[in-house]
Amino acid sequence: MATCEKCQHPLTPGDNDLFCAHCGTHYARQAQCPDCHQPLQVLKACGAVDYFCPHGHGLISKKRVAFVPLGQI
């Protein structure tokens, strides 16, 4: 689980970011493959969001995607 760089509390996933409920800091997030830990391609169509690993793991279920903080917004 990702933690806040400022206060080390767990980050909560938001719609487009990761949020620290303790100190209020927001972080940009990146979707990573749970198998190879490489960035995933985000596929959006007709309101649906899917994730694809271009490194050989194919489509990745939303439940398996690992979101990691990229930096403070």
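A pocket is an open set of points on a 1 Å grid over the protein atoms alone, where a 1.4 Å probe fits, with protein on both sides within 12 Å along at least five of seven lines; lining residues have an atom within 4 Å of a point. A pocket volume is the space filled by probe spheres set on the points, with grid points joined across faces, edges and corners.

This is a predicted model, in which local features need pLDDT of at least 70 and side-chain atom pairs count only at pLDDT 80 or more, while totals for chains, interfaces and linings use all residues. Residues are numbered from 1 along each chain as its sequence is written, and side-chain values use heavy atoms, with hydrogens and water left out.

**Overall make-up**

- The chain has seven strands and zero helices (DSSP runs numbered from the N terminus: E of at least two residues for strands, H or I of at least four for helices).
- From the N terminus on, the order of elements is β-β-β-β-β-β-β.
- The C-alpha trace spans about 35 × 30 × 20 Å along its principal axes.
- Of the 73 residues in the chain, 23% are buried (under 20% relative accessible area, with exposed over 50% and partly exposed in between; 1.4 Å probe, protein chains only).
- Take the contacts (heavy atoms within 4.5 Å) with a separation of 6 or more: residues 24 or more positions apart account for 32% of them.

**Pockets**

- The largest pocket has a volume of about 200 Å³.
- Its lining consists of Asp15, Asn16, Arg29, Gln30, Ala31, Leu40, Val42, Lys44, Val49, Tyr51 and Phe67.
- β3 (26–32), β4 (41–45) and β5 (48–53) are the elements that each give two or more residues to this lining.
- β3 supplies the largest share, three residues.
- By class, the lining of the largest pocket has six nonpolar, two polar and three charged residues (nonpolar: Ala, Val, Leu, Ile, Met, Phe, Trp, Tyr, Cys and Pro; charged: Asp, Glu, Lys and Arg; polar: the others, Gly among them).
- The second largest pocket holds about 150 Å³ of space.
- Met1, Ala2, Leu11, Pro13, Leu18, Phe67 and Val68 line the second largest pocket.
- That second lining has seven nonpolar residues, no polar residues and no charged residues.
- Phe67 appears in the lining of the largest pocket and in that of the second largest pocket.

**The three-stranded sheet**

- Three strands form an open sheet in the order β4-β5-β6, with antiparallel pairing (two strands pair if DSSP finds at least two bridges between them).
- β4 and β6 (58–60) are the edge strands; each has a single partner, so one side of each lacks a neighbour in the sheet.
- From one strand to the next, the twist averages 40 degrees (axes are lines fitted to C-alpha atoms, and angles run from 0 to 180 degrees between N-to-C directions).
- β4 and β5 run antiparallel and are joined by five bridges.
- Leucine 43 stands opposite aspartate 50 in β5.

**Two loop residues**

- Threonine 25 sits in the loop between β2 (17–19) and β3.
- Threonine 25 counts as buried because its relative accessibility is 5%.
- Neighbours within four places in sequence aside, threonine 25 is in contact with Cys4, Lys6, Leu18, Phe19, Cys20 and Gln72.
- Glycine 47 lies in the loop between β4 and β5.
- Glycine 47 has a relative accessible area of 82%, so this residue is exposed.
- The C-alpha atoms of glycine 47 and threonine 25 are 28 Å apart, and the two residues are 22 residues apart along the chain.
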